Amino acid sequence: MPSTSARIVALRAAGTSFVVELTEPVPRVLHWGADLGELSGADWAALSLTAEPAILNNALDVERRFTVWPTEADGWSGTPAHHGHLAGGAGAPRLALSGVEHHEDPDGGGEVRIALADAGAGLDVAVTYRLEPSGVLGVHAELTRRAGASDGGAEAAPYDLAQAVTLLPVPRRAAEILDFTGKWSRERSPQRRPLGHGTYAREVRRGKPGLDSPYLLTVGTPGFGFRSGEVWGVHVGWSGDQRFLVEQLPEGAGVHAAALGGGELLRAGEVRLAPGEAYRTPVSWYAWSADGLDGLADRFHALLRARPQHPVAPRPLVLNSWEAVYFDHDLERLLRLVDKAAEVGVERFVLDDGWFAGRRSDNAGLGDWWVDPVVWPRGLTPLIDHVRARGLEFGLWVEPEMVNPDSDLAREHPDWVLGPKAGLGPSARNQYVLDITNPDAWAYLLDKLDALLSQNAIAYLKWDHNRELHEAVHGPDDRPVAHAQVTALYRLLDELKERHPGVEIESCASGGGRVDLGILARTDRVWASDCNDPVERQAIQRWTGQLLPPELVGAHLGPSPAHTTHRATADSFRLATALFGHAGIEQDLTACTDEELARITAWTAMYRELRPLLHGGRSVRADLTAPDDPDREARLLHGVVALDGSAALYCWARTATSAEGQYGRVPLPGLAADGSYQVRVRTELGLPSLHQTSGPAWLTEALTDWVRMPGAVLAQAGVPMPTLNPGQALVIEVRRAA
């Protein structure tokens, strides 16, 4: 590797470079962002030379450097990479380089592991950077209390770790922040603000990422959009408490302007490292793109699709029973529902809440994970056999991490309920959290779930989590265990997957309250939201897709009016919206008219036809207005383009009215300007209601036949779109002309 006087290590992949200089005492980050190419020794020397900032007035007498593990010892006045104490001392970390491991992968990317030692605290820190072929950089650290470490008489004292985050530098032009908030039935609602001086931090204290999860903290050039702008983002791959931050100090971060980072939020006393013990941070996933938010999404989608456990079989079309029957588990009614599902083309039937002991409503039964003998006197076998006889897979809803006070489990093991010794706080949805850090409680769940899966032909678990973790402490000392609760969950999921490798698991948490790459390392899809109202779902799915590809995001057709909003919508709009994900149905098909069933049947056939494109192509979203336009979400254009550019499918949707009568020419994103295409409108789902008299002319032709158009018109000049009434959508198919 080319080097200066101090060795330089670089990783490159997919147009991204990450460069570290192995300076003493702590290495520094020279660059993270656009690929710098193959540099010579002189080039590396120039990069190192230009990494030295000016010495400012009223400041340190040496240059400030932004290191791989920033602390006050570097002159860094921002958020430290870690802080803690050793019996009230060792409060000023002083780290020094103790080793480096580095390798590059033949297909691009590679890994750098930098070992640091803090002699005063007897603490070793190893920071690992892995650049994936997608250009996404995974960063984690391991902090180890050295066995036999000594600090005066404190060698046996634990090191109380208060915080550990990873940080990367970003430049001055990254001047605008995008992250997310939300609530039940409206997850991943975007919010923007300028990046000023100081710290912008989002802390999650819900024991899971939450419905208001920051999700992906992005900074970029002002006005960045889906298709334009330079952006840098970070996602914390952890299913518990989290911390995201971007921080800009007046003196900068070395020669950089700001720091972007994240990690687990630790509660006081939660991580106490005795000699020989270690804490490993979650992986924080960093990505850069010069092509706006779609470029960032491309990288994350490529990252996920490259995983060995990523689903490769066609994603089966689901019917979930919840909004069809709720708690009314009458076998004959369910058999009729299965028959209708099979007739319209459903491939997987999921029995939702209400099947287990004592579960006639949401105020009892959680924890008693055996089939209710009153409701199901012959067990689930008659239903499962019928489902499989009709050619469908069978799935089942569970919520293992929760317990109702009105349950045999809570009555027999009240000490298994997570909470302080002073007594439990208020319930939420009539339930509490099961303390799965208790080995007996963990073993109980494994035994019950293993038995369910072993005794029944279950292909799929919908794994729910319907309350937050408050006062997550246990034992006589009220020891915080939010971290341990997540690691116990991971071990439970891993063990079930080991025993039942063919079973798929969905992560659900009151909808989209646990969507992160930590849980997705162990599950096969997420439930984006309990809301199936297509007006809300258009935005929820569009922003969930900033991290996840469509095949990992459950998107279901619900009834009208919607269960969560009571809004009435056209079935054509609901069908078009649910098409762009891992599609499913969440309504009582036995109550549908023949006309409705015919459209649903056409939709399921369309999903199966287009599934390879929808679940293998590049997701694209059009910038129709400025990011700060109050009508930005009123009309949407999104789609999927085949990786080889041979085909595309778009959805033109309107969720609300807007001031203009005619929108004008709209380019279709992702197509090649020098290509030649054919375009048509898919009419099987029904045509949208229009807020106009007729036209435009190309649309009239495309309703009945393919219309040939050059890429210069479709991708650059754009085509005039019809003005839809609110709550309407149009599905447009494009293919490369022969």
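By class, eight nonpolar, three polar and seven charged residues make up the lining of the second largest pocket. The volume of this pocket, in what is a predicted model, is about 370 Å³. Its lining comprises 18 residues, and those closest to the centre of the pocket are Arg-186, Ser-189, Pro-190, Ala-539 and Glu-633. Two elements give two or more residues to this lining, namely strand E12 (186–194) and helix H9 (534–544). Of the contributors, E12 gives the most, with seven residues.

The largest pocket offers about 570 Å³ of space. Its lining consists of 25 residues, and nearest the centre lie Arg-280, Val-283, Trp-285, Leu-517 and Ala-521. Strands and helices both take part in this lining: strand E7 (123–131), strand E8 (137–145), strand E20 (283–289), helix H2 (292–305) and helix H8 (482–499) each supply at least two residues. Sorted by class, the lining of the largest pocket holds eleven nonpolar, eight polar and six charged residues.

Pockets are open, and the enclosed spaces can be considered next. Rolling a probe the size of a water molecule over the atoms shows where empty space is left. In this model the count comes to seven cavities of 30 Å³ or more. The largest cavity contains about 280 Å³ of space. It is lined by 20 residues, and Gln-541, Arg-542, Phe-580, Ser-619 and His-638 lie nearest its centre. Helices H2 and H9, together with strand E33 (618–621) and strand E34 (635–641), give two or more residues each to this lining. H9 gives the most, with four residues. Eight residues of the cavity lining are nonpolar, ten are polar and two are charged. Two helices thus return from the pockets: H2 contributes to the lining of the largest pocket as well as to that of the largest cavity, while H9 contributes to the lining of the second largest pocket and also to that of the largest cavity.

Attention may now turn to the charged side chains. The structure holds 52 salt bridges, and three of these pairs are described here. In one of them, Asp-35 is joined to Arg-12, with the closest N and O atoms 2.8 Å apart. Asp-35 lies in the loop between strand E3 (28–34) and helix H1 (41–49), whereas Arg-12 belongs to strand E1 (residues 8–13), so the pair ties together parts that are 23 residues apart in sequence. Asp-35 counts as partly exposed, at 30% relative accessibility. Arg-12 is also partly exposed, with a relative accessible area of 29%.

A second pair sits within helix H8, which also supplies residues to the lining of the largest pocket. Here Arg-499 forms a salt bridge with Glu-495, the closest N and O atoms being 2.8 Å apart. Because the two residues are four residues apart in H8, about one helical turn separates Arg-499 from Glu-495. Arg-499 has a relative accessible area of 39% and is partly exposed. Glu-495 is likewise partly exposed, with a value of 27%.

The third pair consists of Glu-733 and Arg-682, whose closest N and O atoms are 2.9 Å apart. Glu-733 is part of strand E40 (residues 728–736), and Arg-682 is found in the loop between strand E37 (676–681) and helix H12 (697–702), so this salt bridge ties together parts that are 51 residues apart in sequence. Are these two residues buried or exposed? Glu-733 counts as buried, at 11% relative accessibility, and Arg-682 also counts as buried, at 7%. The threshold is 20%: residues under this relative accessible area are classed as buried. Both residues also belong to a network of salt bridges that links Glu-609, Arg-680, Arg-682, Glu-684 and Glu-733.

Finally, one of the sheets may be followed strand by strand. Strands of a sheet pair through backbone hydrogen bonds, either parallel or antiparallel. This open sheet has three strands in the order E4-E9-E18, and their pairing is antiparallel. At its edges are strand E4 (82–86) and strand E18 (271–273), each of which pairs on one side only. Neighbouring strands of the sheet are turned by 30° against each other on average, direction ignored. Between E4 and strand E9 (residues 159–164), which run antiparallel, there are five bridges. On the E9 side, Leu-161 is the bridge partner of Gly-84.

Methods
Residues are numbered from 1 along each chain as its sequence is written. This is a predicted model: local features need pLDDT of at least 70, side-chain atom pairs count only at pLDDT 80 or more; totals for chains, interfaces and linings use all residues. Side-chain values use heavy atoms; hydrogens and water are left out. Two strands pair if DSSP finds at least two bridges between them. Axes are lines fitted to C-alpha atoms, for helices over the stretch in contact, and angles run from 0 to 180 degrees between N-to-C directions. On a 1 Å grid over the protein atoms alone, a cavity is a set of points where a 1.4 Å probe fits but cannot get out, and a pocket is an open set with protein on both sides within 12 Å along at least five of seven lines; lining residues have an atom within 4 Å of a point. Grid points are joined across faces, edges and corners, and a volume is the space filled by probe spheres set on the points. Ala, Val, Leu, Ile, Met, Phe, Trp, Tyr, Cys and Pro count as nonpolar, Asp, Glu, Lys and Arg as charged, and the others, Gly among them, as polar. A salt bridge is a side-chain nitrogen of Lys or Arg within 4 Å of a carboxyl oxygen of Asp or Glu. Buried means under 20% relative accessible area, exposed over 50%, partly exposed in between (1.4 Å probe, protein chains only).
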